[in-house]
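Student: I have a protein structure open on my screen, and I would like to learn how to read it. Could you walk me through a few features?

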Amino acid sequence: MKHASVRKGFTMIELILYVALTAIIVVALTRVLLTIIGTRERIESVSVVQQEARFAFNRIITETLRSKAILTGATLFDLQQGSLGLLSSGSGATHTTIFSLSGSTIYVAAGGGDALPLTSSRTNVTELFFHSLSSEHPPRTISIRLHAMDAIEKEGQKMDEVTFETTVSLRNR
């Protein structure tokens, strides 16, 4: 009676199939992981642009609503890189606030102090537009438009953009 020899180990075909299946799984997992990382970076980029633009826009609106007059000498209407000068009073004192777009950054100078940036270098503000909607001089109602995009260009991807627009009337006389 012959005994069948017991074979230990794998055949060459079994090893090749194992390596091929493992490689396919690793490649698929790597692609999924890279897609997840890319999506997270894109969401973060959109979030930064929206947060910074919304913060600057809301600050301009809030200061305008608190103001008693628009300073026409410090305001540039109907320009893509406009500026807005506001006159406010509080605690018995009067002070000015000036919003301006310089380069791609929105700045605010309050009370005659140095201009401070409201947006960072990650946000490229391409338009800060003010338009007078009232026939009064100085105007009491203006429209404001702010357009911003991601300052970091990504190869093969559309730039993340956001536009805010509103109309604001001075409340105080």
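Student: Let me start with a strand. How many of the residues of strand E7 are buried?

Tutor: Before we count, keep in mind that this is a predicted model. A residue is called buried when its relative accessible area is under 20%. Strand E7 covers residues 141-150, and 9 of its 10 residues are buried, so by that cut-off the strand is mostly covered.

Student: Which strands pair with E7, and in what sense?

Tutor: Look to both of its partners. Strand E6, residues 123-132, pairs with E7 in the antiparallel sense over 9 bridges. Strand E8, residues 161-169, also pairs with E7 in the antiparallel sense, over 9 bridges. You can follow single partners too: phenylalanine 130 has isoleucine 144 in E7 as its bridge partner, and threonine 141 stands opposite serine 169 in E8.

Student: Now I would like to look at one residue in that strand. Is histidine 147 buried or exposed?

Tutor: Histidine 147 sits in strand E7. It counts as buried because its relative accessibility is 15%, and the cut-off for buried is under 20%.

Student: What does histidine 147 touch?

Tutor: Leaving out residues up to four places away in sequence, histidine 147 touches Asn124, Val125, Thr126, Glu127, Glu161, Val162 and Thr163. One of these neighbours deserves a closer look: the side chains of histidine 147 and glutamate 161 are joined by a polar contact of 3.0 Å.

Student: There are other strands too. In what order do the strands of the open sheet lie?

Tutor: The open sheet has 5 strands in the order E1-E2-E3-E4-E5, with antiparallel pairing. Its edge strands are E1 (69-70) and E5 (116-117), each of which pairs on one side only. At the E1 edge, 2 bridges join E1 to strand E2, residues 83-90, and the two run antiparallel. There, isoleucine 70 has leucine 86 in E2 as its bridge partner.

Student: Could we pick one residue from that sheet? Where is threonine 105 found?

Tutor: Threonine 105 is in strand E4, which spans residues 105-110. With a relative accessibility of 12%, threonine 105 counts as buried. Not counting residues up to four places away in sequence, it touches Ser100, Pro117 and Thr119. You can also compare sequence with space: threonine 105 and leucine 33 are 72 residues apart along the chain, and their C-alpha atoms are separated by 35 Å.

Student: Let us turn to charges. What is the idea behind a salt bridge?

Tutor: Side chains of opposite charge can pair when their charged atoms come close. In this model the count comes to 6 salt bridges.

Student: Which residue forms a salt bridge with arginine 40?

Tutor: Its partner is glutamate 44, and the closest N and O atoms are 3.3 Å apart. Both residues lie in helix H1, 4 residues apart, which is about one turn of the helix. Arginine 40 is partly exposed at 49% relative accessible area, and glutamate 44 is partly exposed at 36%.

Student: How far apart are the closest N and O atoms of arginine 122 and glutamate 44?

Tutor: They are 3.6 Å apart, and this pair is a salt bridge. Arginine 122 lies in the loop between E5 and E6 while glutamate 44 is in helix H1, so the pair ties together parts that are 78 residues apart in sequence. Arginine 122 is partly exposed, with a relative accessible area of 28%.

Student: Where do arginine 59 and glutamate 63 lie?

Tutor: Both are in helix H1, 4 residues apart, again about one turn of the helix. They form a salt bridge, with the closest N and O atoms 3.7 Å apart. Arginine 59 is partly exposed at 27% relative accessible area, whereas glutamate 63 counts as buried at 11%.

Student: Which residues are joined into one network by salt bridges that share partners?

Tutor: Arg40, Glu44 and Arg122 are.

Student: One last stop, the surface. Which residues form the nonpolar patch?

Tutor: The patch is made of Phe10, Met12, Leu15 and Ile16, with about 470 Å² of accessible area together. Take isoleucine 16 as an example: it lies in helix H1, residues 12-66, and it is exposed, with a relative accessible area of 53%.

Notes
Residues are numbered from 1 along each chain as its sequence is written. This is a predicted model: local features need pLDDT of at least 70, side-chain atom pairs count only at pLDDT 80 or more; totals for chains, interfaces and linings use all residues. Side-chain values use heavy atoms; hydrogens and water are left out. Patches are made of residues with over 30% relative accessible area and no salt bridge: like charges are joined within 9 Å, nonpolar side chains (Val, Leu, Ile, Met, Phe, Trp, Tyr) within 5 Å. Accessible areas come from the Shrake-Rupley method with a 1.4 Å probe; for residues, only the protein chains shown count as cover. A salt bridge is a side-chain nitrogen of Lys or Arg within 4 Å of a carboxyl oxygen of Asp or Glu. Buried means under 20% relative accessible area, exposed over 50%, partly exposed in between (1.4 Å probe, protein chains only). Two strands pair if DSSP finds at least two bridges between them. A polar contact is a pair of N or O atoms within 3.5 Å; within protein, one must be able to donate a hydrogen and the other to accept it, and residues adjacent in sequence count only if both atoms are side-chain atoms. Contact means heavy atoms within 4.5 Å.
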